[in-house]
Amino acid sequence: MRVKPMFKMSLVAAALALPPAVHALGLGRLAVESYVGQPLVARIELLSTSKEELDTLSAKIADPSLYRQNNLTYQGVLSRARISLERGPGDTAYLRVTSSQPVTEPYLDLLVEANWASGRVVRDYTFLLD
């Protein structure tokens, strides 16, 4: 019966030996601020950001080849859409997605690629324009 206490101590020792979890930058919810027939305006929240990550962050709409690899449709309006890093009140930051042309499709598949000094994330958003 001494196996259980020894097993528990082994688990505790192993857990303590592991490095602490790293909170990497993440892409959160997307909020659309435009309607069909208007240029696209949307906001993507950034999660678990540090100053170093924000200083080296670049985000873009993924290449059409990445859309094909993920079985998504690359719509023409996305070729002129841009993503920029914006600062909100306090220390908040978010990505702003804009297009110069009106969006006539009722829904879009948006594949966002974000790169920073120590990582990369790609996230798909499918959303309906009212």
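Colleague: Which residue in strand 5 is the bridge partner of Ile44?

Modeller: Strands (E, at least two residues) and helices (H or I, at least four) are DSSP runs, numbered from the N terminus. Two strands pair if DSSP finds at least two bridges between them. Strand 2 (residues 39-47) runs antiparallel to strand 5, and six bridges join them. In strand 5, the bridge partner of Ile44 is Leu95.

Colleague: What pLDDT do side-chain atom pairs need in order to count?

Modeller: Residues are numbered from 1 along each chain as its sequence is written, and side-chain values use heavy atoms, with hydrogens and water left out. This is a predicted model: totals for chains, interfaces and linings use all residues, local features need pLDDT of at least 70, and side-chain atom pairs count only at pLDDT 80 or more.

Colleague: In what order do the elements of the protein run?

Modeller: The protein has three helices and seven strands. Read from the N terminus on, the order is α-β-β-α-β-α-β-β-β-β.

Colleague: What share of the residues counts as buried?

Modeller: Accessible areas come from the Shrake-Rupley method with a 1.4 Å probe; for residues, only the protein chains shown count as cover. The accessible surface is about 8600 Å², and 56% of that belongs to carbon and sulfur atoms. Buried means under 20% relative accessible area, exposed over 50%, partly exposed in between (1.4 Å probe, protein chains only). Of the 130 residues, the buried share is 32%.

Colleague: What part of the contacts joins residues 24 or more positions apart?

Modeller: Contact means heavy atoms within 4.5 Å. Take the contacts with a separation of 6 or more: residues 24 or more positions apart account for 55%.

Colleague: Which strands are the edges of the three-stranded open sheet?

Modeller: Strands of a sheet pair through backbone hydrogen bonds, either parallel or antiparallel. Here the order is 3-6-7, and the pairing is antiparallel. Each edge strand pairs on one side only: these are strand 3 (58-61) and strand 7 (119-128).

Colleague: What is the average twist from one strand to the next in that sheet?

Modeller: Axes are lines fitted to C-alpha atoms, for helices over the stretch in contact; angles run from 0 to 180 degrees between N-to-C directions. From one strand to the next, the twist averages 20°.

Colleague: Which residue in strand 6 stands opposite Ala59?

Modeller: Strand 3 pairs with strand 6 (residues 107-116) in the antiparallel sense, over four bridges. Opposite Ala59 stands Ala114.

Colleague: Is Glu113 buried or exposed?

Modeller: Glu113 is found in strand 6. Beyond four places in sequence, Glu113 touches residues including Ser58, Leu66 and Arg120. A polar contact is a pair of N or O atoms within 3.5 Å; within protein, one must be able to donate a hydrogen and the other to accept it, and residues adjacent in sequence count only if both atoms are side-chain atoms. The Glu113 side chain makes one with the side chain of Asn115 at 3.4 Å, and at 10% relative accessibility Glu113 counts as buried.

Colleague: How far apart are the C-alpha atoms of Asp124 and Ala62?

Modeller: Asp124 is found in strand 7. With a relative accessible area of 36%, Asp124 is partly exposed. Leaving aside neighbours within four places, Asp124 is in contact with Leu72, Asp109, Leu110 and Leu111. Asp124 and Ala62 are 62 residues apart along the chain, and their C-alpha atoms are separated by 9.6 Å.

Colleague: Which residue in the turn between strand 4 and strand 5 has a positive phi?

Modeller: Strand 4 (residues 82-87) pairs with strand 5 in the antiparallel sense over six bridges. Glu86 stands opposite Tyr94 in strand 5. The two strands form a hairpin with five residues between them; the turn residue with a positive phi, of about 70°, is Gly90.

Colleague: Which residue offers its backbone nitrogen to the side chain of Ser99?

Modeller: Ser99 lies in strand 5 (residues 93-102) and is buried, with a relative accessible area of 9%. A polar atom of its side chain lies 2.8 Å from the backbone oxygen of Gln101. The backbone nitrogen reached by the Ser99 side chain, at 2.8 Å, is that of Leu40.

Colleague: Why is the pair of Tyr67 and Tyr74 given the geometry it has, and what is that geometry?

Modeller: Rings of Phe, Tyr and Trp (its six-membered ring) pair if their centres lie within 6.5 Å; planes under 30 degrees apart count as stacked, over 60 as edge-to-face and the rest as tilted. A search of the whole structure finds one aromatic pair. Tyr67 is buried at 0% relative accessibility, whereas Tyr74 is partly exposed at 28%. Their ring centres are 5.0 Å apart and their planes at 80°, so the pair is edge-to-face.
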